[in-house]
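Q: I am new to this structure and would like a close look at its interior. Please start from a single residue there and work outwards to the parts around it.

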Amino acid sequence: MTVTCDFCAHRCRIPEGRTGLCGVRRNSGGRLETTVYGAIQSAALDPIEKKPLYHFLPGTRVFSVALAGCNFRCRFCQNASIAVPEQFPLPVAHWDADRLVAEWRASGTPAIAYTYSEPTVWQDYILDTAPGIRRAGGRVVMVTNGFLTPEATERLVEVVDAFNIDLKGDDEFYRQLCRGRMEPVLDTIRRVAPRRHLEVTTMLMPSRHSAETVEELRRALVDAGVRVWHISRFFPAWQMRDEPPTTEDQVRSVLDGIAATGDPPFIFAGNSRQSEYHQTRCPDCGTVCIDHRSPVRNLTDRGRCPGCGARLYGVFE
Ligand code: SF4
């Protein structure tokens, strides 16, 4: 019997004994299973700023875990070894929900992040484990490409406190380089923005992101109510090693252009030395509220500007 998977917008129809596009969701006797369930590929402590999340518990560390798998095949993938099934290394551990909570507790961090590969394709593991983390007092972060079905998004917003979602480019970018589409990602962003903490990341590839494209993305994010946008530099990887890296001048120019519009109000540089774009400034009075470089200096009073007292977008305690 063929079964349809609703984890992501590909909605693969999977015949008996086969897997979907991601290679990790399998039809086993008419039931879908995730072949990598509980198989930990990576577990590490990261600064929360590395996710990147700049307005969610700034200055803390987060317990980051990954299983293998991805529903995209980006030609510039920075993590191909845990995204492409033929490349998967052996897992470093097998953790059920109780063991994951115990490992998170032992980390001494205030949050867990499902990250590194694409958690969309192993979201059943998130749905099974995140409630236990929350009951134990932890917060839950998901770093994702956002190519979810509406029903998957609805399930996940119930158990996830903060999202970082990639908005990679326009629809042509998704179709030509990622084997995806733009609209489902925008739909996820629109659903998450009013309900959970959300930051969006776009990796700037100058040959593919014209000024018009950046403006198209900016307008879409502003319309969705997004407040925090990270623009990160591209570095050659995987099947796009001939593409030149984004220069500091290029990322600076794009950020200056977005800053001139004033919206989204918080924009940051990733993989870049642009120090001005590693600071949170109060949109009302311009006071530096957080300096996100290491060590992070959070000058806010529980999220309020130290200059004028305005409340900033984010989760600070
Ligand atoms: S997660 Fe996405 S790619 Fe994988 S089987 Fe389900 S619908 Fe297909």
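A: **Starting inside the core**

Setting aside the residues within four places of it in sequence, V200 is in contact with I165, L167, I189, L221, V226 and W229. Please keep in mind as we go that this is a predicted model.

V200 belongs to the largest nonpolar core, a set of 83 residues. Within this core, the members that touch the most others are I112, V141, M142, I189, V200, V226 and I231. Two of those names, I189 and V226, are already familiar as contacts of V200. In soluble globular proteins, nonpolar side chains tend to be buried together. Another core lies apart from the largest one; it has five residues, including C282, I290, C305 and L312.

I290 is a handy way into the strands. Strand β16 covers residues 288-291 and is joined to β17 by two bridges, with the two strands running antiparallel. Across from I290, in β17, stands N298. These two strands are part of an open sheet of three, ordered β15-β16-β17, in which the pairing is antiparallel. β15 (279-281) and β17 (297-298) are the edge strands, and each has a single partner, so one side of each is left without a neighbour in the sheet. As a general point, strands of a sheet pair through backbone hydrogen bonds, either parallel or antiparallel.

Now step back to the whole chain. The protein chain has seven helices and 17 strands. Of its 317 residues, 45% count as buried. Its C-alpha trace spans about 60 × 45 × 30 Å along the principal axes. A compact globule of 317 residues would have a radius of gyration near 20 Å, and the protein chain, at 19 Å, agrees with that. Many of its contacts also join distant parts of the sequence: taking contacts between residues at least 6 apart, 66% of them join residues at least 24 apart.

Next comes the ligand. The residues around it are C5, F7, C8, H10, R11, C12, G20, L21, C22, R25, N71 and V121. This shell divides into seven nonpolar, three polar and two charged residues.

Two members of the shell are worth following further. One of them is N71, found in the loop between β7 (61-66) and β8 (93-94). N71 counts as buried because it has 26 C-beta neighbours inside 10 Å, and the cut-off for being buried is 20 or more. Leaving aside neighbours within four places in sequence, N71 is in contact with C8, H10, L21, C22, E118, T120, V121 and F147. Among these contacts, C8, H10, L21, C22 and V121 also appear in the ligand shell. For a sense of distance, N71 and A152 are 81 residues apart in sequence, while their C-alpha atoms are 14 Å apart in space.

The other is R25, at the start of strand β3 (residues 25-28). In β3 the side chains alternate: R25 and N27 point to one face and are buried, whereas R26 and S28 point to the other face and are not. That fits a general pattern, as in a regular strand the side chains alternate between the two faces of the sheet. β3 is joined by four bridges to strand β4 (residues 31-34), and the two run antiparallel. E33 in β4 is the bridge partner of R26. Together β3 and β4 form a hairpin with two residues between them, and in its turn G29 has a positive phi of about 65°.

To finish, here are some details of the backbone in the loops. The peptide bond from K51 to P52 is cis, with omega near -5°, and P52 sits in the loop between β6 (42-47) and β7. D263 and P264 are also joined by a cis peptide bond, with omega about 0°; P264 lies in the loop between α7 (248-261) and β14 (266-270).

A positive phi turns up at R179, about 60°, although R179 is not a glycine. R179 is in the loop between α4 (171-178) and α5 (182-192), and its 16 C-beta neighbours inside 10 Å make it count as partly exposed. W238, not a glycine either, has a positive phi of about 50°. W238 is found in the loop between β13 (228-233) and α7, and with 16 other C-beta atoms within 10 Å, W238 is partly exposed.

Methods: Residues numbered from 1 in each chain as written. Predicted model: local features only at pLDDT ≥ 70, side-chain atom pairs only at ≥ 80, totals over all residues. Near = placed C-beta within 6 Å. Nonpolar A, V, L, I, M, F, W, Y, C, P; charged D, E, K, R; others polar. Pairing = 2+ DSSP bridges. Buried ≥ 20, exposed ≤ 12 C-beta atoms within 10 Å, placed from the backbone. Rg over C-alpha atoms; globule rule 2.2 N^0.38 Å. Contact = placed C-beta atoms within 7 Å. Core = buried A, V, L, I, M, F, W, Y, C linked by C-beta atoms within 7 Å.
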